[in-house]
Amino acid sequence: MTDMSGDNKQSDDFENVPVVSCTRCGREWELTYELDELQAGNRAVEQFALDHERHTGHLPDDISPWIADCENCPAGEQFLSKRPAKRWAVTHARHTSHSIDLISPDGDEKTITSDDSRYENSN
Ligand SMILES: [Zn+2]
Ligand SMILES: [Zn+2]
């Protein structure tokens, strides 16, 4: 009648450190830096992925970005969630009247035009 399965308590602060790998770099990273220094919390993976893309030009494994890609000019960015991707697209359309393809991680494509930015134009 001994059930010790729950008796495994050590200081488990660091047991859940996420690990991100990148086959292009052939490396793996524990995100202790993102958690400790950047206080990125549960966005550590996102923070790491964006930093990785910024510094190497590609995203690590298992990261599926939202892509905003302008049809009219070379502007384009990758984002890890829909909201900033859409905001970027709407803002770009608002300032340039360009059309932007907004591509979801599933491959769904939506075109953002300057019409989509009008709702912000309440005055
Ligand atoms: Zn890499
Ligand atoms: Zn553009």
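Analyst: Let's start with pairing: two strands pair if DSSP finds at least two bridges between them. Keep in mind as we go that this is a predicted model.

User: How many bridges join strand β1 to strand β2, and in which sense do they run?

Analyst: Strand β1 covers residues 19-22 and strand β2 covers residues 27-30; the two run antiparallel and are joined by four bridges. To see the register, look at C22, which stands opposite R27 in β2.

User: What do β1 and β2 form, and what should I look for in the turn?

Analyst: They form a hairpin, with four residues between the strands. In that turn, check the backbone of G26, whose phi is positive, about 65 degrees.

User: Before the other strands, where does this hairpin sit in the run of elements along the chain?

Analyst: At the beginning: from the N terminus on, the order is β-β-α-α-β-β-α-β-β. The chain holds three helices and six strands in total.

User: In what order do the strands of the open sheet lie?

Analyst: Read across the sheet, its four strands come in the order β4-β3-β5-β6, and the pairing is antiparallel. The edges are β4 (76-79) and β6 (109-112), each pairing on one side only. From one strand to the next, the twist averages 20 degrees.

User: Which residues can I use to find the register of β3 against β4 and β5?

Analyst: Take β4 to begin with. It pairs with β3 in the antiparallel sense over four bridges, and D69 has G76 in β4 as its bridge partner. These two strands form a hairpin with five residues between them. Now turn to β5: four bridges join β3 (residues 66-70) to β5 (residues 100-103), again antiparallel. Here C70 has I100 as its bridge partner.

User: Now the helix. What span does α3 reach, and what is expected?

Analyst: Compare the distance between the end C-alpha atoms with the ideal rise of 1.5 Å a residue. Helix α3 (residues 82-96) has 15 residues and reaches 21 Å, close to the 21 Å expected. Just after α3 comes S97, with a positive phi of about 60 degrees.

User: Which residues of α3 are buried, and what covers them?

Analyst: The general idea is that an α-helix has 3.6 residues a turn, so residues three or four places apart point the same way. In α3, the buried residues are A85, W88, A89, V90, H92 and A93. Their cover includes β3, β4, β5 and β6.

User: Which residues make up the largest nonpolar core?

Analyst: Here we look for buried nonpolar residues joined through C-beta atoms within 7 Å. The largest such core has 11 residues: W66, A68, F79, A85, W88, A89, V90, A93, I100, L102 and I112. Two or more residues come from each of β3, α3 and β5, and α3 gives the most, with five. For a close-up, select A89: leaving aside residues up to four places away in sequence, it touches A68, I100, L102 and I112. There is also a second, separate core of five residues, L35, A44, F48 and A49 among them.

User: To finish with the chain as a whole, what share of its residues count as buried?

Analyst: A residue counts as buried if 20 or more other C-beta atoms lie within 10 Å of its own. By that count, 16% of the 123 residues are buried. As for contacts with a separation of 6 or more, 34% join residues 24 or more positions apart.

Note on methods
Residues numbered from 1 in each chain as written. Chains lettered and ligands numbered in written order. Predicted model: local features only at pLDDT ≥ 70, side-chain atom pairs only at ≥ 80, totals over all residues. Axes fitted to C-alpha atoms, helices over the stretch in contact; angles between N-to-C directions. Expected span 1.5 Å × (residues − 1). Buried ≥ 20, exposed ≤ 12 C-beta atoms within 10 Å, placed from the backbone. Contact = placed C-beta atoms within 7 Å.
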